[in-house]
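Please keep the model open in your viewer and follow the selections below in order. Each stop names what to select and then says what is found there.

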Amino acid sequence: MGARHVWPKEGISRIPYWIYSDPEIYAREQERIFCGPNWSYVALEAEIPHAGDFKRTFIGEKPVVVVRDTEGSINIVENRCAHRGVQFCQKHLGNAAEFMCPYHQWTYDLKGNLIGVPFRRGVKKQGGMPADFDPRNHGLRKLSVARRHGVIFASFASNLQSLEEYFGPSMLPLFDRVFDGRQLRVLGYSRQLIPANWKLMFENIKDPYHASLLHVFLVSFGLFRADQPSKVQMDATGRHGALISWRGDQRKTEDNADMKSLIDDFKLQDAKLLEPVREFAEYTVVMTTLWPNLIIQQQSNTLAMRQLVTRGPAAFELAWTYFGYAEDDEEMTRRRLRQANLMGPAGFVSIDDSEVMKFSQAGVGPYPGAAGVMEMGGRDWKDEQHMVTESVIRAFYAYYRQVMEI
Amino acid sequence: MTAAERYLTLNSRDLRLELEDLYAAYTACLDEERFEEWPAFFVEQCTYKIVPRENFERGLPLATWLCESKGYLLDRVTAIRKTAVYAPRYMRRMVSGLRVLGWRADVLEVRANYVALETLQDEFTRVFNTGQYRDKLVVEEGRLKFLEKLCIFDSLLVPNSLIYPL
């Protein structure tokens, strides 16, 4: 790394702004984080329930295909023909008996094995592949696969720790809380391109400090507030984190006098939007960030996977997959769909985030030599029983610095 | 003759002119950011949805924006005016290819293409969203109002945030 890549001496209580815009840093992230020994989220099994069902997705910026074969196994392959590199799969979702690259019609089975090379033996004894060409050496590159309770993860690395070890004992119960083995039902997709560095999205969901201030909507309806019982929780490495809260009332008190955004008399014209039912044990909201590309959203009854797909240093795609459970009755499904209004590209709450992330990039991008201050709740990182902290972001960067060696 | 009967007996050309006026008034209301007037284009028990075309075509129920009554529309207006934080912008909506599918009992079905152009302060105008309106209208208080308005959009990858109605 160049001389300009020196982390401020204060350590993780500062964030140097070059990490959000430098192409060298971005390239190193692709290599060490997205292609590193990590489990990246790729799909829900409910998206590809039948043999031949596939989903086209990305890890970092690299295109991959997740496909279920005829034996029911899940295979994940690079979306790049082994011949000349064509991204052969172009549909978000579909069903196929095999994959054929349109360019020279090289054909692969659902496990990624090369099963057909046109004119391999030449035409009229002319041309063709060399006699020692062995299709077994020219299949699609396969990724490591891990599944748990209907959720599929992948990695470009091999010999990784198990998914359970990867999550660790503090995050696994939060994962299993939503994914308890019940059959899932996909409710739909939302996709947005946010003109900001991907790490700003993680910072946002690891930052309970902003939630009580930026989100007037969230605050006014008591959905997530600094004066509510709450906590932040991390794994032993700091790479994963969770913001957890219980729903409180929405009165103005001495404790929340700093929340200028609190509109005391805010009433919905149609209360149906926010009629949550108690569904999960203990907590109302659990927002889990799993290194390196996933946010699991459980805000009351609205459940979604938010997958981060990087698109260069200054943009990322946020791909939302909303889901419920196969056993949900019609009323519960309707409730999930209504509460989905809070989130997504048009979300009552998340509009604020996508807009502010753009403002962040507009501020940090042109000032790579400056640094952000992150001292709310201290200068180190640890679990806390409150929201007035940036501890989870500091934890993220403690781990990030190790991986990136910066 | 009641207003409803008058609409039902309009010839197809006059009905089309009525609809062209209605859609022009609708887009003008939004383009000019008179959001408080927007709910008046709908009946009380209305449905307004903005749905990605991929969800619509796969039969997946998720909408990017869901309103199930005029109250929901008013709540969206409150959010635009009071709670949401967003950069200043202009939006301009074009409607074309209006197709009048006809009356089914006292519900008039209409389809049209739309394009919404967005202009942010430091950027060139861009196509923000395009798709098809699939609308159902009824006569209320002597004029046509939306019973249901579906905006099914092709622009699956939303450029950042969808704040104003389509």
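In what order do the three strands of the open sheet in chain A stand, and is their pairing parallel or antiparallel? In this predicted model, the order is S7-S8-S9, and the pairing is antiparallel. Select strand S7 (99-100) and strand S9 (114-116) of chain A, which stand at the edges with a single partner strand each, so that one side of each is left without a neighbour in the sheet. Then add strand S8 (residues 107-108) of chain A, which pairs with S7(A) in the antiparallel sense over two bridges; within that pairing, Phe99(A) has Tyr108(A) in S8(A) as its bridge partner.

**Chain A as a whole**

Now show chain A alone, coloured by secondary structure, where nine helices and 19 strands make up the assignment. The radius of gyration is 23 Å, close to the 22 Å that the globule rule gives for 406 residues, so chain A is as compact as a globular protein of that length. Its C-alpha trace spans about 90 × 60 × 35 Å along the principal axes. Of the 406 residues of chain A, 46% count as buried, and among contacts between residues at least 6 apart in sequence, 65% join residues at least 24 apart.

**A hairpin in chain A**

Select strand S13 (residues 230-234) of chain A, in which four of the five residues are buried, so that this strand is largely enclosed by the rest of the structure. Extend the selection to strand S14 (residues 241-245) of chain A, which runs antiparallel to S13(A) and is joined to it by five bridges. Lys231(A) has Ile244(A) in S14(A) as its bridge partner. Six residues lie between the two strands of this hairpin, and Gly238(A), in the turn, has a positive phi of about 95 degrees.

**The end of helix H8 and the nonpolar core**

Go next to Val364(A), which belongs to helix H8 (residues 350-364) of chain A. Is Val364(A) buried or exposed? It counts as buried because it has 23 C-beta neighbours inside 10 Å, the cut-off for burial being 20 or more. Leaving aside residues up to four places away in sequence, Val364(A) touches Tyr17(A), Tyr20(A) and Ser21(A).

The largest nonpolar core has 143 residues, and those with the most contacts inside it are Val42(A), Val64(A), Val66(A), Met201(A) and Ile50(B). Centre the view on Val64(A), whose contacts, again not counting residues up to four places away in sequence, include Val42(A), Phe58(A), Ile76(A), Leu143(A) and Ala154(A).

**Where the chains meet**

Show both chains and select the residues in contact between them, 36 from chain A and 32 from chain B. On the side of chain B that touches chain A, the elements that give two or more residues are strand S1 (42-52), helix H3 (53-58), S2, helix H4 (70-83) and strand S7 (157-159) of chain B. H4(B) gives the most, with seven residues, and by class this side has 21 nonpolar, seven polar and four charged residues.

Pairing between strands also crosses from one chain to the other, as S12(A) and S7(B) pair in the parallel sense over three bridges, with Val158(B) in S7(B) as the bridge partner of Gln192(A). Select helix H7 (residues 330-339) of chain A, where the buried residues are Arg335(A), Arg336(A), Leu337(A), Arg338(A) and Gln339(A). What covers them includes strands S12 (184-194), S17 (302-310) and S18 (316-325) of chain A, together with strand S2 (65-67) of chain B.

**The sheet of chain B**

Finish with the open sheet of six strands in chain B, which has the order S2-S1-S6-S5-S4-S3 and mixed pairing. S2 and S3 of chain B stand at the edges, each with a single partner strand, so one side of each is left without a neighbour in the sheet. The twist averages 20 degrees from one strand to the next. Helix H2 (residues 12-31) of chain B packs on this sheet, touching S3, S4 and strand S6 (143-153) of chain B, and its direction makes about 155 degrees with that of S3(B). H4(B) also packs on the sheet, touching S1 and S2 of chain B, with its direction at about 60 degrees to that of S1(B).

Lastly, select strands S3 (residues 89-104) and S4 (residues 107-120) of chain B, which run antiparallel and are joined by 13 bridges. Met94(B) has Val115(B) in S4(B) as its bridge partner, while Trp103(B) stands opposite Leu108(B) in S4(B). The hairpin has two residues between the strands, and Ala105(B) takes a positive phi near 55 degrees there.

Terms used: Residues numbered from 1 in each chain as written. Chains lettered and ligands numbered in written order. Predicted model: local features only at pLDDT ≥ 70, side-chain atom pairs only at ≥ 80, totals over all residues. Rg over C-alpha atoms; globule rule 2.2 N^0.38 Å. Buried ≥ 20, exposed ≤ 12 C-beta atoms within 10 Å, placed from the backbone. Contact = placed C-beta atoms within 7 Å. Nonpolar A, V, L, I, M, F, W, Y, C, P; charged D, E, K, R; others polar. Pairing = 2+ DSSP bridges. Core = buried A, V, L, I, M, F, W, Y, C linked by C-beta atoms within 7 Å. Axes fitted to C-alpha atoms, helices over the stretch in contact; angles between N-to-C directions.
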